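Reader: I am in my first year and would like a close look at a single part of this protein. Please take one strand and follow it outward to whatever it leads to.

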Amino acid sequence: MRQPALTSTASFQALATHAVDIKDARMRDLFGADPQRFKTMSLEAAGLFLDYSKNRLDGRTLELLAELARERGVEARREAMFAGEKINLTEQRAVLHTALRAPGDATLSVDGQDVIADVHAVLARMRAFSDAVRSGAWLGHSGKPITDIVNIGIGGSDLGPKMVCLALRQYAHPRVTMHFVSNVDGHDIDNTLSQVDPETTLFIVASKTFTTSETMLNAQTARMWFLAHAKPAALARHFVAVSTNVEAIKEFGIDPANMFPFWDWVGGRYSVWSAIGLPIALAVGFGYFSDFLAGAHAMDQHFVEAPLEQNMPVLLALVGFWNRQFLDCASVSIAPYHQDLNRFPAYLQQLEMESNGKRVTRTGQAVDTATCPVIWGDCGTNGQHAYFQLLHQGSDLTPIDFIASLRPGHELAQHHAALLANCFAQSEAFMRGKDIDEVRADLQAQGLTATEVERLAPHKTFPGNRPSNTILMEYLTPYTLGALVALYEHKTFVQGVLWDVNSFDQWGVELGKVLAKNIEAELTGAPRPDLHDSSTNGLIAMARAAV
Ligand code: F6P
């Protein structure tokens, strides 16, 4: 049960020795020495293509990384997850988001309960409800069809549906506008309520626990706003809930008939495939939601069946692990060259950082290496004109995942050529760089004096040798998006196994929640200076004075 410390394993030590030789190798040279590098270090699965050849590694590195994956028990842990074993040890829960996208004829039971039958029963209800709303058969209390849907949720109950609804906006129903309210900041819900009509708005209150304070407050505010315009009997046409907590839903005043359940074996950040995905089914229709699940399922099958050396999520994880452990990369930038994947970096932040932002092993010992890097990013080409400067010439090494579709969802061919050209040029520039001799030659060719050449050359030099992956798909569709999300889920899982952390709890969010409750009471009631430091007391006093 207790794993040996990561750095004490034979395969980690072999990697550390190997890293001395290879980590500073020039990728230019590696490409020069092996014309087959792109072919060998790329693969396809579930409608996605991954090129990981622009990393500072060679075939031996990959062999050693695969050995490490074996030594850390990736295959056995993967089986345990798919079989419904309670691998979330601190909460004693199974981790079965993969069951949410399994076909109806699959079989799986947890604690004697037929999981697949439960999943498909909820999917059937989601289909009926989304069909009714989209067709106009589901009417608001005054007899008008729904035009606006407001999802109230936060974290995993917001980021997934929001990211997917934006990514699939071209598939969306023309009558229905989606809104997402997450922040406890009243500007969020105030702004949304000012845009919608109580006669034609449907609220989805989405919370796994139905206790998250931001969501509860936003839901109460939405309810009060609604009741200022309609009678309580009308609530049932305008409020539905997605949760695991039926008692809390009843207490809130939502009819359990309007509740779409899911289960404690679905982690918040893995819940987009469950009823938390209801906004997606409402926006794009249940057929496309099913395609989204099918793409993820195809990636699941690949993850389960492909040997580690040809397994896309495993390779993405191993390359990321190599960059983190042996090249000291403290962050990873996600660069979707697709405007509709705008929210994908934010989605991955929760997925990876809430999962693997841990510093003790599953059995409570300190992890003896760095763990999850910071995940951040924005769409290309926008990022190029903002922070790519640091990525090219800054002092830190930041690997980048480029993500693009080969074909666009529009007919503006020139735009798409420019977009892809930028995407590929960036990965080339990060890899190649431009050394000082090349810069000097350029400047001399421009007719600059020798003094000017020497003055400018250091500023115009690019160190290059900066790692990146490129993920391509033909089109961004519900299916390829499902595969993409599942790819990163399994990457996260594999890295969690390597570090031996529990990727499925999130105790790190609790302390702030408790302190916020105390301070909220002090902002409206009596202050408790004995509880705080002078900074916190000073800030509380300023807020109290401003009321
Ligand atoms: O506080 C963190 C967290 O628990 C996330 O893990 C989760 O996705 C989010 O809050 C929302 O939780 P819930 O769906 O229970 O409202």
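Author: What follows starts at one strand and moves outward from there.

This is a predicted model, in which local features need pLDDT of at least 70 and side-chain atom pairs count only at pLDDT 80 or more, while totals for chains, interfaces and linings use all residues. Residues are numbered from 1 along each chain as its sequence is written, and side-chain values use heavy atoms, with hydrogens and water left out.

The part chosen is strand S10, residues 331-337. Helices (H or I, at least four residues) and strands (E, at least two) are DSSP runs, numbered from the N terminus. Seven of the seven residues of S10 are buried, where buried means under 20% relative accessible area, exposed over 50% and partly exposed in between (1.4 Å probe, protein chains only). In a regular strand the side chains alternate between the two faces of the sheet. In S10, Ser331, Ser333, Ala335 and Tyr337 point one way, Val332, Ile334 and Pro336 point the other way, and all are buried.

S10 has strand partners; two strands pair if DSSP finds at least two bridges between them. S10 and S11 run parallel and are joined by four bridges, and Ser333 has Trp376 in S11 as its bridge partner. To get from S10 to S11 the chain passes through H15, and this β-α-β crossover is right-handed: with the strands pointing away from the viewer, the path from the first strand over the helix to the second runs clockwise. Strand S12 (residues 400-405) also runs parallel to S10, with five bridges between them. Here Pro336 is paired with Ile403 of S12.

The crossover helix leads on to a salt bridge, defined as a side-chain nitrogen of Lys or Arg within 4 Å of a carboxyl oxygen of Asp or Glu. The structure holds 27 of these. In one of them, Glu352 is joined to Lys491, with 3.1 Å between the closest N and O atoms. Glu352 lies in helix H15 (residues 344-356) and Lys491 in helix H20 (residues 478-499), so the pair links distant parts of the chain, 139 residues apart. Both Glu352 and Lys491 are buried.

Past the ends of these two helices there is a further link, between Arg362 and Asp500, whose closest N and O atoms are 2.7 Å apart. Arg362 sits in the loop between H15 and strand S11 (374-377), and Asp500 in the loop between H20 and helix H21 (510-524), 138 residues apart. Arg362 and Asp500 are both buried.

H15 and H20 also help to cover helix H7 (residues 159-167): the cover on its buried residues includes strand S6 (177-181), helix H12 (278-284) and helix H13 (286-305) as well, where contact means heavy atoms within 4.5 Å. Seven of the nine residues of H7 are buried, so this helix is largely enclosed by the rest of the structure. Among the buried ones are Leu159, Met163 and Val164.

The last stop is H21. In H21, Lys513 and Glu510 form a salt bridge at 3.7 Å, N to O. The two are three residues apart in the helix, so about one helical turn separates them. Lys513 counts as partly exposed because its relative accessibility is 45%, and Glu510 counts as partly exposed at 32%. Leu511, also in H21, counts as exposed at 60% relative accessibility.
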